[in-house]
Amino acid sequence: MTRLATLAGVLALVPALTSAALAQNAPPPSTAPSPAETNPLPTTTVPDTSKSGPDPASPTPQQVPIPRPAQSGAAQTVTPPPSTLPTLVTTPGEPNDVDEVTLPAKPVAILTGSTKWDDARANLRKAFKTIGETLTKLNSKPAGRPIALFTKTEDDGFQFEAMIPIEAVPTQSPDGSEVKFGSSPSGKALRYRHSGTYEEIDGTYETLTAYLDAKEIPVQDRFLEEYVTDLGEGGDDKLDINIYALAK
């Protein structure tokens, strides 16, 4: 299921699924083992050569990990370093858990755009770069993590508003700039945390959709994504993204 179909299902808000149907259709939380579980490092014991036999009173032998070089050509998941910029809600969310939050209205720099679904990450990253360059010209600094408001979905793509929170709205904009200034969405929302690659986010939306249907929770026809980690160019980059379903 693509994210387009997932968002369309939420917007229709059909009656709640039965418990049996929900259990059948809702994707279970990811239980994939961590790299450390699937590929543990071997260990070796440093022997004590001063004694000919084991001594019950001797301390436990030291366990020394043996470094294992990465296999040639093996895909590696890259986790970007944490950002010092605050999120909209400073209390972090728990993975695989929906929590109710209140979004504060923040002054933001906004760039409206549209993109095909397959090019979403690249075009969002480009939009944030353009906003950052405009803020630099205005001697204004980001005051929060980048966010994207999905305003309209279509068969082959979607329309969005890319935003970067700032401390205050500048008195003027550079001539010819498409960047505008306004306020971020505010009010009650349901937050669901996505932890994984951007290509895996459809599964997170499916889980959130199942929750909204089961609880019969009406939401607006807009979703907000907050990128706690930067949208890098690597397809295997592990990202931390807050998804907000805006309550009606």
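**Packing around Ile131 and the cores of the chain**

In this predicted model, a good place to start is Ile131, which, leaving aside residues up to four places away in sequence, touches Ala109, Ile110, Leu111, Ala162, Met163, Ile164 and Val179. A second core of 13 residues, separate from the largest one, counts Val89, Ile147, Met163 and Tyr244 among its members.

Ile131 itself sits in the largest nonpolar core, a set of 33 residues, and is one of those that touch the most other members, along with Leu124, Phe128, Tyr198 and Tyr227. Quite a few elements chip in with two or more residues each: strands 4 (107-116), 5 (147-153), 6 (157-165), 8 (187-196), 9 (219-227) and 10 (239-247), plus helix 4 (120-137) and helix 5. Helix 4 gives the largest share, at 6 residues.

Helix 5 covers residues 201-215, and its 15 residues reach 21 Å from the first C-alpha to the last, close to the 21 Å expected at 1.5 Å a residue. Buried along this helix are Ile201, Thr204, Tyr205, Thr207, Leu208, Thr209, Ala210, Leu212 and Asp213. Right after helix 5 comes Glu216, with a positive phi of about 55°.

Stepping back to the whole chain, there are 5 helices and 10 strands, and 33% of the 248 residues count as buried. Of the contacts between residues at least 6 apart in sequence, 76% link residues at least 24 apart. As for the outside, the accessible surface adds up to about 14,800 Å², with 52% of that belonging to carbon and sulfur atoms.

Key: Residues numbered from 1 in each chain as written. Predicted model: local features only at pLDDT ≥ 70, side-chain atom pairs only at ≥ 80, totals over all residues. Heavy atoms only, no water. Helix = DSSP H or I, 4+ residues; strand = E, 2+ residues; numbered from the N terminus. Buried < 20%, exposed > 50% of the residue type's maximum accessible area, 1.4 Å probe, protein only. Contact = heavy atoms within 4.5 Å. Areas by Shrake-Rupley, 256 points an atom, 1.4 Å probe, with all protein chains shown as cover. Expected span 1.5 Å × (residues − 1). Core = buried A, V, L, I, M, F, W, Y, C linked by side-chain atoms within 4.5 Å.
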